[in-house]
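Colleague: I would like a close look at a single part of this model, set against a short account of the whole chain. Please define each term as you go.

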Amino acid sequence: KDGAWAESVFNGESVTLSVTTVGSTVPAGYEVKYAWEKDGVAQQETSATFNDTPTADATYKVTVSIVNSTDNTDVLCDVQEFTTTVKIVNIKMGDDQTLYYCPGDNLTLTGSGNNLTGYAWYKEGEAEPTAATTTLPSAQDVTDATYDLTDIQADTKVYFKGFSGPNSAQQVFTISKHADY
C-alpha cells in the first residue's frame, strides 16, 4: 500500500487509494492484477490506483496477485489484500503546523476549520475537551481563532479542536525549539 491511506474525507471530497508492488520484477508471461472492492462490491477499476467520492462511510479492499497473463491462472505468489475504512466527516480543519521558538518567546497560534459549531484549544498533557469552550450560533467557517502561548520554555503541542454536532476534528500545532538555541 502506498503511504498512509486516508482515514477520513470531508463530505464531497474524493479519496485516492493506491498500491505498489515491491521486490523483484514480474517474470515474463505473468502480470500484476488488482481487484478493488467498495463495501464488498467489486469495482470496475483494475489498476494500482482507485479514486472515489464516497457519499457515506465506506470500506475499500484491494486484492493484488501475480498471475499467468495468458489465462489468468497459476498464481505466482501469495495473494495480498489491503483493507481500509474511510469515514465521511463534515468538519475540515486547517493544516497542521510546526512552529519554532527561542526560549522565552511568545507565539500566537491561529486555528481554522470549516463547518464548525464550536471549538476549543488545549495543550499537550491537558485533558482533551469533549465539548466546545467557544460556541457559535450556527455552523460556519472559522479562520481566525487565536491562542496565545507565552514565555515558551519547552517543546510542546497545542491542539485546535473543532466541533460540529457529534463530530470533531483537530488541527495540531507542534512547537519546537529553534535549532540555533
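How much accessible surface does the protein have, and what share of that surface belongs to carbon and sulfur atoms? After that, please concentrate on the open sheet formed by five strands.

Modeller: This is a predicted model, in which local features need pLDDT of at least 70 and side-chain atom pairs count only at pLDDT 80 or more, whereas totals for chains, interfaces and linings use all residues. Residues are numbered from 1 along each chain as its sequence is written, and side-chain values use heavy atoms, with hydrogens and water left out.

To take your question, the accessible surface of the protein is about 10600 Å², and carbon and sulfur atoms account for 45% of that area; such areas come from the Shrake-Rupley method with a 1.4 Å probe, and for residues only the protein chains shown count as cover. Of the 181 residues, 33% are buried, where buried means under 20% relative accessible area, exposed means over 50%, and partly exposed lies in between (1.4 Å probe, protein chains only). The radius of gyration, taken over C-alpha atoms, is compared with a globule rule of 2.2 Å times the number of residues to the power 0.38; the protein has 23 Å, whereas a compact globule of 181 residues would be near 16 Å. Along the principal axes, the C-alpha atoms fill a box of roughly 70 × 45 × 25 Å.

The protein has 13 strands and zero helices, both being DSSP runs numbered from the N terminus, with at least two residues for a strand (E) and at least four for a helix (H or I). Turning to the part you chose, the open sheet places its five strands in the order E1-E7-E6-E3-E4, with mixed pairing; two strands are said to pair if DSSP finds at least two bridges between them. Strand E1 (8-10) and strand E4 (41-42) stand at the edges with a single partner strand each, so one side of each has no neighbour in the sheet. The partner of E1 is strand E7 (residues 80-89), and the two run parallel over three bridges, with phenylalanine 10 having valine 89 of E7 as its bridge partner.

Within the sheet order, strand E6 stands between E7 and E3. Strand E6 (residues 58-68) includes serine 65, which counts as buried because its relative accessible area is 13%. Leaving aside residues up to four places away in sequence, serine 65 touches Glu31, Val32, Lys33 and Val79, a contact meaning heavy atoms within 4.5 Å. Across the protein, 66% of the contacts between residues at least 6 apart in sequence join residues at least 24 apart.

Towards the E4 edge, the loop between strand E3 (30-38) and E4 holds aspartate 39, which has a positive phi of about 50° although it is not a glycine. Most residues other than glycine have a negative phi. Aspartate 39 counts as partly exposed because its relative accessibility is 45%.

Outside this sheet, a comparable case is aspartate 151, also with a positive phi of about 50° although not a glycine; aspartate 151 lies in the loop between strand E11 (134-149) and strand E12 (156-164).
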